[in-house]
Protein chains: 2
Amino acid sequence: MAASRFAPRGSIEQIEEGRVFAPKFDAEGLIPAIVTDAWTAEVLMFAYMNEEALANSIETGEVWLYSRSRNALWKKGETSGHTLRILEIRVDCDQDALLVRVEQQHKGACHTGRSSCFYRAIAIREPAGHTLVLTPRNAEKVFNPAEVYGGGEKRD
Amino acid sequence: MAASRFAPRGSIEQIEEGRVFAPKFDAEGLIPAIVTDAWTAEVLMFAYMNEEALANSIETGEVWLYSRSRNALWKKGETSGHTLRILEIRVDCDQDALLVRVEQQHKGACHTGRSSCFYRAIAIREPAGHTLVLTPRNAEKVFNPAEVYGGGEKRD
């Protein structure tokens, strides 16, 4: 593996209280990225970045991700046109997760046509088990995936 | 591995549009959990749940997690007392990530003493590299970790 393009990890004190960005990539070379709408604070999607996706995101100000299922770098919106403009990237205390605050260029961050990927909820204080039913939450579609993606793979 | 206590995975159509909760746990038996404040929508922390942590969270209405570093189930706040009451758990389109919307019982979800773990930002549209500097964002401490955790491990 090539040397990281980001700073090496320091002590716990340096990682938690320091000013140096030293992101931790996991054994697969990935770091989790929570994408939120910077204006509404809605959580839009959850994905992963590898070093290249993170570097591209920082340098271009648009969201780049890494698809584990396709083993490929991808720019969010490269098929749908629904790109996301980054206003800010935050890192958590131990610098192993990212919060990407974005401005939506087009409505709908989810490939199913919804504004957010988190459009269903489960009931709390019930016995956990095979019978848990999902309830819609802001689940109305804001675009038609068939029109946006055509017959192709719904990849973003 | 024992049979899952949650429903088995169905077709893509069933997973994305269906009413059955069929969460996907990764090769390590974990599912990512984004924890947000249900009132402010602030992203508080990012962690993982295993099946037992998810079942406990659903049944008790309090946040249970799984620590990868300690290989242990833990209840958020078991040391600090800063437990989190769950108002809602949402699941994403492919049911491999959770959004846990909570009410904070005490101020400060981060073990460093901050309200949120995401208290630093990096600059966008700069060359990615070893020199990226972090800027504080809502980084004032709302509790004193030394008082809350004493000399013990700052585990939650």
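How many bridges join strand S1 of chain B to S2(B), and in which sense do the two run? That was my opening lookup in this predicted model, and I found six bridges, with the strands antiparallel.

**Entry 1: the hairpin in chain B**

I took S1(B) as residues 31–37 and S2(B) as residues 43–49. Picking out one bridge, I saw B:Ala33 partnered with B:Ala47 in S2(B). Five residues sit between the two strands of this hairpin, and in the turn I noted B:Ala41, with a positive phi of about 70 degrees. Next I looked at burial: seven of the seven residues of S2(B) are buried, so the strand is largely enclosed by the rest of the structure.

**Entry 2: the helix H2(B)**

I moved on to H2(B), residues 51–60, and found this helix mostly covered, with seven of its ten residues buried. I wrote down the buried ones: B:Glu51, B:Ala53, B:Leu54, B:Ala55, B:Asn56, B:Ser57 and B:Ile58. What do they pack against? Within chain B, I listed S2, S3 (64–67), S4 (72–75), S5 (84–91) and S6 (98–104), and from the other chain, S7 of chain A. After the helix comes B:Gly61, where I read a positive phi, near 75 degrees.

**Entry 3: a strand pair across the chains**

Since S7(A) had turned up beside H2(B), I checked S7 of chain B too. S7(B), residues 120–122, pairs with S5(A) in the antiparallel sense over three bridges. One of the partnerships I followed is A:Ile89 with B:Ile122.

**Entry 4: the whole interface**

I then stepped back to the full contact, which takes 68 residues from chain A and 68 residues from chain B. The area buried between the chains is about 5,400 Å², and carbon and sulfur atoms give 56% of that. On the chain A side, I noted that A:Arg19, A:Phe118 and A:Arg120 supply 13% of what chain A buries against chain B, more than any other three residues.

For polar links, I counted six salt bridges between the chains. One I zoomed in on joins B:Glu88 to A:Arg137, with the closest N and O atoms 2.4 Å apart. I also logged 42 residue pairs in polar contact across the interface.

Which elements of chain A each supply at least two residues of the side that touches chain B? My list has helices H1 and H2 together with strands S1, S2, S5, S6, S7 and S8. The largest share, seven residues, comes from S5(A). By class, I have 36 nonpolar, 14 polar and 18 charged residues on that side of chain A.

How values were computed: Residues numbered from 1 in each chain as written. Chains lettered and ligands numbered in written order. Predicted model: local features only at pLDDT ≥ 70, side-chain atom pairs only at ≥ 80, totals over all residues. Heavy atoms only, no water. Contact = heavy atoms within 4.5 Å. Buried area = accessible area lost by both parts, 1.4 Å probe. Salt bridge = Lys/Arg side-chain N within 4 Å of Asp/Glu carboxyl O. Polar contact = N/O pair within 3.5 Å; in protein donor to acceptor, adjacent residues only side chain to side chain. Helix = DSSP H or I, 4+ residues; strand = E, 2+ residues; numbered from the N terminus. Nonpolar A, V, L, I, M, F, W, Y, C, P; charged D, E, K, R; others polar. Pairing = 2+ DSSP bridges. Buried < 20%, exposed > 50% of the residue type's maximum accessible area, 1.4 Å probe, protein only.
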